[in-house]
Amino acid sequence: DGVVSEDEYGECVWVVEQESELVSYEQFTDGNYYSTAEIYLAYDETNLYIGVVVNSPYHINTITSANAGDMYNSESIQVNVTSVDPTGEYIFDNWDNVVNGAAANSNIVRQYGFCVNDSGETIKTVWMGNTAIDNSTAKCVRDDDNQITVYEVAIPFADCGAEGETIVAEAGTTLGVSLSVNSGDGSKFKNIYLRDGGG
């Protein structure tokens, strides 16, 4: 519903700010880290749920469903879901999509994009993995008065993983999640990434 709270998700899993150990602000000007975020995760038998609350004075997004694949150049988030252990040998050998597209081509790594445009419309896309499959749902909301953008996403486990090897939500299952926040002040869009959540 585009509302994210600890009552629904529990405690925040990651805080995105310049001091955060796992977060890179390398594309920002030193001392001008104007965007921060809180990231929440939850799951049930069928879905991974992600709630992201971005605090930023800027929100520039003219994306429509016709050019959804370009949303990384606008206010948006990028989410990677890896259906195997992200610390395992397979990902060690195949993590870089530019050098080796094996993980994405076999749907083991999927990358989603989510945004809310200036008209208040939620837009989504799939950049990596089987782009013909996308049963994710999302509600993204911008609150200009409070300078907050909320992204709430449900990604079905059945969409993630190689054919016949999709994620099963049970004890002992290991998967990878990384995320990036795209933010811009009107001059250039910048990527804040958490464990290389970007492309």
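## A charged patch at the start of the chain

D1, E6, D7, E8 and E11 together form a negative surface patch. A patch here is built from residues with over 30% relative accessible area and no salt bridge, like charges being joined within 9 Å, while nonpolar side chains (Val, Leu, Ile, Met, Phe, Trp, Tyr) are joined within 5 Å. Asp and Glu count as negative and Lys and Arg as positive, with His and the chain ends not counted, and the place of a charge is taken as CG of Asp, CD of Glu, NZ of Lys or CZ of Arg. Accessible areas come from the Shrake-Rupley method with a 1.4 Å probe, and for residues only the protein chains shown count as cover.

This is a predicted model, in which local features need pLDDT of at least 70 and side-chain atom pairs count only at pLDDT 80 or more, whereas totals for chains, interfaces and linings use all residues. Residues are numbered from 1 along each chain as its sequence is written, and side-chain values use heavy atoms, with hydrogens and water left out.

Within the patch, E8 belongs to helix 1 (residues 6-9); helices (H or I, at least four residues) and strands (E, at least two) are DSSP runs numbered from the N terminus. E8 has a relative accessibility of 49% and therefore counts as partly exposed, the class between buried (under 20% relative accessible area) and exposed (over 50%), with a 1.4 Å probe and protein chains only.

## The six-stranded sheet

Six strands make an open sheet in the order 2-11-10-5-6-7, with antiparallel pairing. Its edges are strand 2 (23-24) and strand 7 (122-128), each of which pairs on one side only. Two strands are said to pair if DSSP finds at least two bridges between them.

At one edge, strand 2 is joined to strand 11 (residues 189-194) by two bridges in the antiparallel sense, and S24 stands opposite Y193 of strand 11. Strand 11 is also joined to strand 10 (residues 176-184), again antiparallel, through six bridges, with L194 in strand 11 as the bridge partner of L179. At the other edge, strand 6 (residues 109-116) and strand 7 pair antiparallel over six bridges, and C115 faces I123 in strand 7.

## Backbone details and a distant contact

The hairpin of strand 10 and strand 11 has four residues between its strands, and there G186 takes a positive phi near 105 degrees. Although N107 is not a glycine, its phi is positive, at about 70 degrees; N107 sits in the loop between helix 3 (102-105) and strand 6 and is buried, with a relative accessible area of 8%.

In strand 10 lies G176, which at 6% relative accessibility counts as buried. G176 and T82 are 94 residues apart in sequence, yet their C-alpha atoms are 4.6 Å apart in space.

## Salt bridges

A salt bridge is a side-chain nitrogen of Lys or Arg within 4 Å of a carboxyl oxygen of Asp or Glu, and by this rule the count comes to two. One of them joins the side chains of D134 and K124 (3.5 Å, N to O). D134 lies in the loop between strand 7 and strand 8 and K124 in strand 7, so this pair ties together parts that are ten residues apart in sequence.

The side chains of R142 and D144 also meet in a salt bridge (2.9 Å, N to O). R142 is buried, with a relative accessible area of 16%, whereas D144, at 54% relative accessibility, counts as exposed.
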